[in-house]
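Hello,

Here is the structure I promised to pass on to you. Have a look at it first, and then read on for what turned up in it.

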Amino acid sequence: MYPGWIETIAPGAFSRTLREGRDVKVLWNHNLDIVLGSTANRTASLAEDERGLYGPVEINENDQDAKNGYARVSRGDVRGCSFGFEIRGMEESWDDDGTYRTRLTDVELYEVSPCSFPAYTQTSIQARARDELDSAKARFDKAKKEKSETWRAEMRRRLKGD
């Protein structure tokens, strides 16, 4: 956090919030006026694994702030994330050299933010190229259509008694 204070997030610290289904917002730089996504309407989704919290946010093409944020992340000007939370559970200790250590074991998560100066410098964010997403969507749509056509052909065959 700053010299003399080291804070870590324990695996599972976000699990209760995620389980409870709280509407977690994705904000730009913790700015309540720039909402990039929301878990309640599924424009953002969050999950947790052994490394930490992660998840995608859908960029609103009609929102210039969202497009500007995407451009900043895509170019590498913004590389980290931060989050707004309240501590529900924490362990604390002091090292012999006077270093204060906190370990967050349970947090109530309110928002996550791509951030110019994140408190947790180990965080990262990346932008996926639009053409990469469009290509993946095209592959998905093609596979879905092929599966549908295969299913229809099989049903026609069965209905005819073949």
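Which residues do ring pairs link into a cluster? They are Trp 5, Trp 94 and Tyr 100. Before going further, please keep in mind that this is a predicted model.

**Aromatic rings**

Let's stay with that cluster for a moment. The ring centres of Trp 94 and Tyr 100 lie 4.7 Å apart, and their planes meet at 35°, so this pair counts as tilted. The two partners sit in opposite surroundings: Trp 94 is exposed, with a relative accessible area of 60%, whereas Tyr 100 is buried at 18%. The cut-offs help here: under 20% counts as buried and over 50% as exposed.

The count of aromatic pairs comes to 4. Among them is the pair of Phe 83 and Phe 85, which is tilted, with 4.8 Å from centre to centre and 35° between the planes. Phe 83 is buried, at 12% relative accessible area, while Phe 85 is partly exposed, at 25%.

**The nonpolar core**

Phe 83 leads us to the inside of the model. The largest nonpolar core has 16 residues. Those with the most contacts inside this core are Phe 14, Val 26, Trp 28, Leu 36, Phe 83, Leu 109 and Val 112. Which elements each supply at least two residues of the core? They are strand 2, strand 3, helix 2 (64-75) and strand 7. The largest share comes from strand 7, with 4 residues.

You can also look at what surrounds Phe 83. Leaving aside neighbours within four places in sequence, Phe 83 is in contact with Ile 9, Phe 14, His 30, Leu 109, Glu 111, Val 112 and Tyr 120.

**A buried serine**

Next, try selecting Ser 113, which lies in strand 7. Is Ser 113 buried or exposed? Its relative accessibility is 1%, so Ser 113 counts as buried. The side chain of Ser 113 makes a polar contact of 2.6 Å with the side chain of Glu 111. If residues up to four places away in sequence are not counted, Ser 113 touches Leu 27, Trp 28, Asn 29, His 30, Gly 80, Cys 81 and Ser 82.

**Two unusual backbone angles**

Two of the residues that Ser 113 touches, Asn 29 and His 30, deserve a second look. Most residues other than glycine have a negative phi. In Asn 29, however, phi is positive, near 55°, and in His 30 phi is positive too, near 65°. Where do they lie? Asn 29 is in the loop between strand 2 (25-28) and strand 3 (31-38), and His 30 is in the loop between strand 2 and strand 3 as well. Asn 29 is partly exposed, with a relative accessible area of 28%, and His 30 is partly exposed at 31%.

**Salt bridges**

Side chains of opposite charge can pair when their charged atoms come close. In this model, the count comes to 8 salt bridges.

One of them joins Arg 88 and Glu 20, whose closest N and O atoms are 3.4 Å apart. This pair links distant parts of the chain: Arg 88 is in strand 6 (residues 80-94) and Glu 20 is in helix 1 (residues 15-20), 68 residues apart. Arg 88 is partly exposed, at 28% relative accessible area, and Glu 20 is partly exposed, at 45%. These two also belong to a network of salt bridges that links Arg 16, Glu 20, Arg 88 and Asp 106.

Another salt bridge is formed by Glu 108 and Arg 22, with the closest N and O atoms 2.4 Å apart. Here too the pair links distant parts of the chain: Glu 108 is in strand 7 (residues 100-115) and Arg 22 is in the loop between helix 1 and strand 2, 86 residues apart. Glu 108 is buried, with a relative accessible area of 18%, but Arg 22 counts as partly exposed at 28%.

Then there is Asp 23, which forms a salt bridge with Lys 25 at 2.8 Å between the closest N and O atoms. Asp 23 is partly exposed at 28%, and Lys 25 is partly exposed at 29%.

Enjoy exploring, and write back with any questions!

Best wishes

Notes. Residues are numbered from 1 along each chain as its sequence is written. This is a predicted model: local features need pLDDT of at least 70, side-chain atom pairs count only at pLDDT 80 or more; totals for chains, interfaces and linings use all residues. Side-chain values use heavy atoms; hydrogens and water are left out. Rings of Phe, Tyr and Trp (its six-membered ring) pair if their centres lie within 6.5 Å; planes under 30 degrees apart count as stacked, over 60 as edge-to-face and the rest as tilted. Buried means under 20% relative accessible area, exposed over 50%, partly exposed in between (1.4 Å probe, protein chains only). A salt bridge is a side-chain nitrogen of Lys or Arg within 4 Å of a carboxyl oxygen of Asp or Glu. A polar contact is a pair of N or O atoms within 3.5 Å; within protein, one must be able to donate a hydrogen and the other to accept it, and residues adjacent in sequence count only if both atoms are side-chain atoms. Contact means heavy atoms within 4.5 Å. A nonpolar core is a set of buried Ala, Val, Leu, Ile, Met, Phe, Trp, Tyr and Cys residues joined through side-chain atoms within 4.5 Å.
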